[in-house]
Amino acid sequence: RVGIAAAGSPPHHDAFRGWLAAGLAGVMQPWLERHEPLRRSLESILPGARSVVMLATHYSVGIGPSAEPLAEGHGRVARYARGDDYHDLLRKRLNTLAAWIEMQMPGARARGVVDSAPLAERDFARLAGLGWFGKNTMLIDTRAGSYFFLSGIVTDVTLPVDRPIDVDHCGTCTACLDACPTGAFPAPRVLDASKCISAITIEDHGAVPDSLRPGVGDWIFGCDICQEVCPWNRHAPGTNEPSLQPRDGQISLALAELLALDEDGFRKRFRGSPLLRAKRRGLLRSAAIALGNRPHAPSFEALVVALADSESVVRSAAAWALGRWIAADVMAAESRRSLEDRRMVEADGAVLNEIVKALDSRASS
């Protein structure tokens, strides 16, 4: 789908600044604050900009119910990230379209943007008629739901603009707000990224706060919960684009296999995949948390190996997970023994603290 908006200041830039001032950007706060002034004007992207061509590319494969079947010992991956990196696909398409615009209008300039410049994609997509802001902050269209990527072309050509969708089709529905297991929506259309499972599993590569770990569930990269419960996604169109199909037909990943990856193995396995963004330590940390939330006895040895990982954040997550196994009385004696062994040699204070807390899980067992 395509829509066109006039170049200008994003209508919700002041709201964006207020969101940043409230400290709701999580680990993305420094980066977004640094680039905030550039988002106010398209001149930072293309001097003399007159129009923005906004494009929506559907990405979902196998639209289904919110609770997709998940094999034991596996972790969930957001729908958009199951295939190849969408940046490569969209960048190629944008470059082709931008070149076509410049060919049709000699002397014109056009620049494609897909997460590569400070463009307020949602604001301009709304102005271009591609959707309205849902209560989960996603851009939603009555015919397309919200399973789509946004990209844009900024050009100095003056083009006829489309009409924005000014109707709030969410109505009184609060399904997305009610479904979020970590309480990431303090108010409709306000996201606290420090509590968002997608931001935690993709952007944040450090330790996950104790209070949020149970809510992360079995998500290891991204999260689709607030979209899966949205009524407008019941009949959202999917895609047959080969590069967006799940790699090896897998919609989830075996957690024990992830915990066995070293840095080289991680890069080889996920070359050309969006999952590289989580970095090895982030993905393995999330895999350990998922096993803590859904104990899987055959994956026990993988957690024990993770207790000795080179990354402290992975060791901490593995210790927490084994503590959950003790509390759930799943291989409790073996888990306790492994934690005691690790406590004897662990030098990192934060990891030691996790081990001690995990061993104290006996009290709640």
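1. Ile4 stands opposite Val53 in strand S2, and this is a convenient place to enter the model, which is a predicted one in which local features need pLDDT of at least 70 and side-chain atom pairs count only at pLDDT 80 or more, while totals for chains, interfaces and linings use all residues. Residues are numbered from 1 along each chain as its sequence is written, and side-chain values use heavy atoms, with hydrogens and water left out. Helices (H or I, at least four residues) and strands (E, at least two) are DSSP runs numbered from the N terminus, and two strands are said to pair if DSSP finds at least two bridges between them.

2. The pair Ile4 and Val53 belongs to the antiparallel pairing of S1 with S2, which extends over 5 bridges. These strands are part of an open sheet of 4 strands, ordered S1-S2-S7-S4 and paired in the antiparallel sense. Strand S1 (2-6) and strand S4 (110-113) stand at the edges with a single partner strand each, so one side of each has no neighbour in the sheet. From one strand to the next the twist averages 25 degrees, where axes are lines fitted to C-alpha atoms (for helices over the stretch in contact) and angles run from 0 to 180 degrees between N-to-C directions.

3. On its other pairing, strand S2 (residues 51-58) joins strand S7 (residues 148-155) in the antiparallel sense over 8 bridges. Within this pairing Met54 stands opposite Gly152 of S7, and Thr57 has Phe149 of S7 as its bridge partner. As a general point, strands of a sheet pair through backbone hydrogen bonds, either parallel or antiparallel.

4. How many residues of S2 are buried? The count is 8 of 8, with buried meaning under 20% relative accessible area, exposed over 50% and partly exposed in between (1.4 Å probe, protein chains only). In a regular strand the side chains alternate between the two faces of the sheet. In S2 both faces are covered, with Ser51, Val53, Leu55 and Thr57 buried on one side and Val52, Met54, Ala56 and His58 buried on the other. Helix H3 (residues 86-104) lies across S2, S4 and S7 and runs at about 30 degrees to S7.

5. There is also an open sheet of 3 strands, in the order S8-S3-S9 and with mixed pairing. Its edge strands are S8 (219-221) and S9 (252-254), each of which pairs on one side only, and neighbouring strands of this sheet are turned by 45 degrees against each other on average, direction ignored. Strand S3 (residues 74-77) pairs with S8 in the parallel sense over 2 bridges, and Arg76 stands opposite Trp219 in S8.

6. For the voids, a 1 Å grid is laid over the protein atoms alone: a cavity is a set of points where a 1.4 Å probe fits but cannot get out, a pocket is an open set with protein on both sides within 12 Å along at least five of seven lines, and lining residues have an atom within 4 Å of a point. Grid points are joined across faces, edges and corners, and a volume is the space filled by probe spheres set on the points. The second largest pocket has a volume of about 190 Å³, and among its 14 lining residues Arg82, Arg247, Gln250, Leu253 and Phe270 lie nearest its centre. Its lining comprises 6 nonpolar, 4 polar and 4 charged residues, where Ala, Val, Leu, Ile, Met, Phe, Trp, Tyr, Cys and Pro count as nonpolar, Asp, Glu, Lys and Arg as charged, and the others, Gly among them, as polar.

7. The model has 2 cavities of 30 Å³ or more, and the largest cavity has a volume of about 40 Å³. Its lining includes Ala207, Arg213, Arg285, Ser316 and Glu354. Helix H11 (279-293) and H13 are the elements that give two or more residues to this lining, and H13 gives the most, with 3 residues.

8. Two loop residues may be set side by side. Asp309, in the loop between helix H12 (300-306) and helix H13 (312-327), counts as buried because its relative accessibility is 9%. Leaving aside neighbours within four places in sequence, Asp309 is in contact (heavy atoms within 4.5 Å) with Arg280, Leu284, Val314 and Arg315. Gly183, in the loop between helix H5 (175-179) and helix H6 (197-202), counts as partly exposed at 40% relative accessibility.
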